[in-house]
Protein chains: 2
Amino acid sequence: MDKTPRLREQACFALYTASRAVIGLYRPMLDKLGLTYPQFLVLMALWETDGLTVTALGDTLQLDSGTVSPLLKRLEAAGFVERRRGDGSGDERRVTVHLTEAGAALESRGCEVTQVVGGASGMSYEDLVALRDKLTEFTESIRTRETND
Amino acid sequence: MDKTPRLREQACFALYTASRAVIGLYRPMLDKLGLTYPQFLVLMALWETDGLTVTALGDTLQLDSGTVSPLLKRLEAAGFVERRRGDGSGDERRVTVHLTEAGAALESRGCEVTQVVGGASGMSYEDLVALRDKLTEFTESIRTRETND
DNA sequence: CACAACTTAGTTGTGCGCAATCAAGTTGTG
DNA sequence: CACAACTTGATTGCGCACAACTAAGTTGTG
């Protein structure tokens with residue numbers, strides 16, 4: 001029984017490293033669009049459903065307001081999105097996030113990026129799908145156990 | 001052909017989310033040891049091989065000096081590690097990192113944490129090993145393609 | 001020896017990520 | 001209506017990550 005866990009044997013470390021590696025793979029391509037990876041995720045969410053509230057965006061990306069608010073501030077400053085308070089709902093607390101023309105225009109180039117990254121991953125489509133499903137299962141499983149101490 | 005990639009379908013997003021979720025699972029336990037996850041990784045590397053240089057630590061954790069240097073500064077301030085310049089090698093550029101007594105003493109409690117997290121992941125040992133290997137393969141594959149533009 | 005090229009750590013600046021806190025707005029209950 | 005509980009988004013503070021740069025030390029070449 002080797003009680004000392006080796007770094008290389010830890011699935012969590014592999015996860016941590018892999019995550020940073022993919023983002024690093026995206027980086028040079030996203031740089032050309034003037035985006036960071038989290039900013040790109042926001043746009044992907046909006047390309048799918050424009051006009052999400054800040055909370056809905058946070059739920060989608062699994063990020064809290066302390067991350068999303070400044071993220072949107074930068075995206076707004078860059079001219080990719082626009083925030084509107086009390087948009088139609090009559091609830092003045094709600095802020096909806098909308099793509100600008102520039103933000104919407106990035107969609108096709110953005111999709112290209114995901115294609116290229118998928119190809120550069122060195123894995124087949126089937127493998128990627130299997131990995132994604134395994135990871136999603138993993139995350140769900142963790143979230144349900146989050147109350148642990 | 002749906003050209004617009006959905007966030008939920010992206011393996012990269014699943015990776016990004018899963019990574020943060022595991023670290024979140026570690027957080028409350030590591031808080032009790034006074035450590036963050038990256039700091040815990042440094043200690044794991046040192047429990048395995050004490051006296052690594054800053055560069056060797058960076059290679060092990062796949063982090064550059066801009067991340068490792070301040071990380072070690074905080075770990076040193078917390079009394080878990082100690083840095084020594086030109087340690088024996090006669091090369092005054094090299095800084096080796098050594099566990100203090102307090103740092104070494106955390107090992108058994110640290111190992112416990114990895115056990116608990118492994119259990120709380122909701123996956124079998126075999127599944128975790130398979131996932132880890134898939135992720136390692138993924139990362140390696142990406143690193144070899146990093147010269148892409 | 002001279003000196004350019006390189007290696008090693010560290011610093012600076014920007015952008016996440018998250019806990020904690022806050023202010024403004026809304027809702028439920030009496 | 002009054003007012004406590006809640007929701008929504010923003011702010012603050014700290015610790016990563018990483019690019020770009022710097023300073024100090026080492027090595028290879030003539």
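Start by selecting chain A: you'll find seven helices and three strands in it. Keep in mind as you click around that this is a predicted model. If you trace chain A along its sequence, the elements come in the order α-α-β-α-α-β-β-α-α-α. Zoom out for the overall dimensions: the C-alpha trace of chain A spans about 60 × 40 × 25 Å along its principal axes.

**Stop one: the two chains together**

Now show chain B as well. How does chain A superpose on chain B? A rotation of 180° with 0.0 Å of shift along its axis does the job, with an RMSD of 0.0 Å. The two copies are thus related as by a two-fold rotation axis.

Next, colour the residues where the two chains touch. Chain A brings 59 residues to the contact and chain B brings 60 residues. Look at which residues these are: 100% of the interface residues of chain A are interface residues in chain B too, so the copies meet through the same surface. Between them, chain A and chain B bury about 5800 Å², and 66% of that is on carbon and sulfur atoms.

Turn on the side chains here. How many salt bridges are there between chain A and chain B? The count is four. To see one of them, pick A:Arg6 and B:Glu48, whose closest N and O atoms are 4.0 Å apart. There are also 13 residue pairs in polar contact between the two chains, counting pairs with both residues at pLDDT 80 or more.

Then hide chain B for a moment and look at the side of chain A that touches it. At least two residues each come from α1 (11-33), α2, α3 (54-61), α6 (107-120) and α7 (125-144) of chain A. Which of these helices gives the most? It's α1(A), with 17 residues. Colour this side of chain A by class and you get 32 nonpolar, 13 polar and 14 charged residues.

**Stop two: DNA strand C**

Bring chain B back and select DNA strand C. There are 29 residues around DNA strand C, and those that come nearest are A:Thr36, A:Gln39, A:Arg74, B:Tyr16 and B:Thr55. To see the elements behind this surface, highlight α2 (37-48) and α4 (65-77) of chain A, then α1 (11-33), α3 (54-61), α4 (65-77) and β2 (81-85) of chain B; each supplies at least two residues. By class, the surface near DNA strand C has 12 charged, 11 polar and six nonpolar residues.

What part of DNA strand C is within 4 Å of the protein? Of those atoms, 72% belong to sugar or phosphate, and the rest to bases. Try clicking on three spots:

- A:Gly66, where a polar backbone atom is 3.1 Å from a base nitrogen of DNA strand C.
- A:Glu92, where a polar backbone atom is 2.9 Å from a phosphate oxygen of the strand.
- B:Lys73, where a polar side-chain atom lies 3.4 Å from a phosphate oxygen of the strand.

**Stop three: DNA strand D**

Move on to DNA strand D. It is surrounded by 28 residues, and the closest are A:Tyr16, A:Thr55, B:Thr36, B:Gln39 and B:Arg74. Of the atoms of DNA strand D that come within 4 Å of the protein, 75% are sugar and phosphate.

Which elements should you highlight here? Pick α1, α3, α4 and β2 (81-85) of chain A, plus α2 (37-48) and α4 of chain B, since each supplies at least two residues of the surface near DNA strand D. That surface divides into six nonpolar, 10 polar and 12 charged residues.

Finish with three close-ups:

- A:Tyr16 has a polar side-chain atom 2.3 Å from a phosphate oxygen of DNA strand D.
- B:Thr36 has a polar side-chain atom 2.5 Å from a phosphate oxygen of the strand.
- A:Ser65 has a polar side-chain atom 3.1 Å from a base nitrogen of the strand.

Terms used:
Residues numbered from 1 in each chain as written. Chains lettered and ligands numbered in written order. Predicted model: local features only at pLDDT ≥ 70, side-chain atom pairs only at ≥ 80, totals over all residues. Heavy atoms only, no water. Near = heavy atom within 4 Å. Polar contact = N/O pair within 3.5 Å; in protein donor to acceptor, adjacent residues only side chain to side chain. Helix = DSSP H or I, 4+ residues; strand = E, 2+ residues; numbered from the N terminus. Nonpolar A, V, L, I, M, F, W, Y, C, P; charged D, E, K, R; others polar. Contact = heavy atoms within 4.5 Å. Buried area = accessible area lost by both parts, 1.4 Å probe. Salt bridge = Lys/Arg side-chain N within 4 Å of Asp/Glu carboxyl O. Least-squares fit on C-alpha atoms with pLDDT ≥ 70 in both.
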